[in-house]
Structure formats: C-alpha cells, structure tokens
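The exercises below each set a task and then work through a solution step by step. Please keep the sequence and the structure open beside the text while you read.

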Amino acid sequence: MSIARFWRETPRRYNLGGSKCNGCGTVYFPPRLVCPKCTSHRQSIEKMTPFQLSGEGEVISYTIVHDPAEGFEMQVPYVLALVQTTEGPILTGQVVDVEPGTVAIGLKVRATFRKLREEGKAGVIHYGYKFTPREEPGTAPAPRGPAAPVPVPGAPAQDRAAA
Ligand code: ZN
C-alpha cells in the first residue's frame, strides 16, 4: 500500500486529529474535552471542536538513541525529537530519512505515518507518526554550533531557538 493511500484510509485517531478551543484558540493534541487555559472549564466544553493538525513543525529538542526500547533494536541509532507543530502542540516522535548526526534544533519536519514496531511473531504492528525533514537534502539549515544532543524531556517551548 502506498503512503498516500495509507494516509487516506487511516482512521482519524491516527491522523493527528486534535481539538481546538474556540474560546482562546489553543490547539490540543491529543484532543482534550475541556480547555485548561479558559477560566470556566464547563463553558469551554461546548467550545472544543475537532482540529486537524498539519503535521508540520520544527525540532526544538532531540536525542540520539543508541540503547533502544524493545522492538526498536533494528533501528539504532535513531533520533527521538520534540517537535513544535505550527499549530502549537508539541509532539514526540522519531525523525527518519535523515542521518542522525545531521538533525539539529530548528530542523523543519513533517509528520508521516510509518510502522513503529512489530511485536513478536504474532505480528501485532503499531502504526504512528514519525517525522521526515521538509527540505531536500543539502538545503536543510546547518547545525548551530556543536551538534550536542540534549535530553528530550522537560524542554520548555520558550527555550527553543528562534527561527
Ligand atoms: Zn480555551
């Protein structure tokens, strides 16, 4: 099955379907039923509407994984990144189709759907989004300074490098 066909046939829950608060405009992924930013949670319930994320964003933090989680053994080393989407939510995911050493803060990426891992011989396959660079090789921004991987957890959005 082609990637394009897979996208069309993938249920909304796998397709970056989030929610948006029409009270303050905040976008959530995964979708939320209430908006924690609005003063009245009860009122925000009726203002939440489904919202489709574009899947486009920018790497704000990343780490190169050499000691893989179970099921990822065939993929080391791989890059796990925090991606600030253009709509606001920060997603965690693997960056693929790129040399791990060339991933940098500020890299423009786009979500794509891939097989994440396969569980044993029963063949339970988990699908989800991964990220691929948006620019063609050679046009990606050069890393700023030494390419020192930083820990992924706990990086606040406001600390990301200016675009
Ligand atoms: Zn709100």
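**Exercise 1. The open sheet**

Which residue of strand 3 does Ser 19 stand opposite? Place the pair in its sheet.

Solution. This is a predicted model, and the steps below describe that model.
- Step 1: Ser 19 stands opposite Pro 50, which belongs to strand 3.
- Step 2: Five bridges join strand 1, made of residues 17-21, to strand 3, and these two strands run antiparallel.
- Step 3: The open sheet that holds them is formed by three strands in the order 2-1-3, with antiparallel pairing.
- Step 4: Strand 2 (27-28) and strand 3 (48-52) are the edge strands of this sheet, since each of them pairs on one side only.

As background, the strands of a sheet pair through backbone hydrogen bonds, in either a parallel or an antiparallel way.

**Exercise 2. The overall pattern**

How many helices and how many strands does the protein have, and in what pattern do they follow one another along the sequence?

Solution.
- Step 1: The secondary structure comes to two helices and eight strands.
- Step 2: Read along the sequence, these elements give the pattern α-β-β-α-β-β-β-β-β-β.
- Step 3: Of the contacts with a separation of 6 or more, 58% are accounted for by residues 24 or more positions apart.
- Step 4: Of the 163 residues in the protein, 21% are buried.

**Exercise 3. Strands 4, 5 and 6**

Trace how strand 5 is joined to strand 4 and to strand 6, and name a facing pair for each.

Solution.
- Step 1: Strand 4 and strand 5 run antiparallel and are joined by eight bridges; within this pairing, Ile 64 stands opposite Val 79 of strand 5.
- Step 2: Strand 5 also pairs with strand 6, in the antiparallel sense and over six bridges, and here Gln 84 stands opposite Ile 90 of strand 6.
- Step 3: The hairpin of strand 5 and strand 6 has four residues between the strands, and in this hairpin Gly 88 takes a positive phi near 125°.

**Exercise 4. The nonpolar core and Ala 81**

Which residues have the most contacts inside the largest nonpolar core? Follow one of them, Ala 81, in detail.

Solution.
- Step 1: The largest nonpolar core has 18 residues, and those with the most contacts inside it are Val 59, Ala 81, Val 83, Val 95 and Val 103.
- Step 2: Two or more residues each are given to this core by strand 4 (56-65), strand 5 (78-85), strand 6 (90-95), strand 7 (108-119) and strand 8 (124-133), and strand 5 supplies the largest share, four residues.
- Step 3: Ala 81 is found in strand 5, and it counts as buried because 25 other C-beta atoms lie within 10 Å, where 20 or more are needed.
- Step 4: Leaving out residues up to four places away in sequence, Ala 81 touches Val 59, Ser 61, Tyr 62, Gly 93, Val 95, Val 103 and Phe 131.
- Step 5: Val 95, with its neighbours within four places in sequence left aside, is in contact with residues including Val 59, Ala 81, Val 109 and Phe 131.

**Exercise 5. Two residues of one loop**

Is Asp 97 buried or exposed, and what can be said of Val 98?

Solution.
- Step 1: Asp 97 lies in the loop between strand 6 and strand 7, and Val 98 lies there as well.
- Step 2: Asp 97 is exposed, because 12 other C-beta atoms lie within 10 Å and the exposed class covers counts of 12 or fewer.
- Step 3: Val 98 counts as partly exposed, because it has 16 C-beta neighbours inside 10 Å.
- Step 4: Beyond residues up to four places away in sequence, Val 98 touches Val 103 and Pro 133.
- Step 5: Most residues other than glycine have a negative phi, and most peptide bonds are trans. Asp 97, although it is not a glycine, has a positive phi of about 60°, while the peptide bond from Phe 29 to Pro 30 is cis, with omega near -5°.

**Exercise 6. Confidence**

Which element has the lowest mean pLDDT, and which the highest?

Solution.
- Step 1: Helix 1 (residues 3-9) has the lowest mean pLDDT, 48, and strand 4 has the highest, 95.
- Step 2: The protein averages a pLDDT of 76, and 61% of the residues score at least 70.
- Step 3: The pLDDT stays under 50 over residues 6-13 and also over residues 155-163.
- Step 4: Where pLDDT is low, the predicted coordinates should not be read in detail.

Terms used. Residues numbered from 1 in each chain as written. Predicted model: local features only at pLDDT ≥ 70, side-chain atom pairs only at ≥ 80, totals over all residues. Pairing = 2+ DSSP bridges. Contact = placed C-beta atoms within 7 Å. Core = buried A, V, L, I, M, F, W, Y, C linked by C-beta atoms within 7 Å. pLDDT = per-residue confidence, 0-100.
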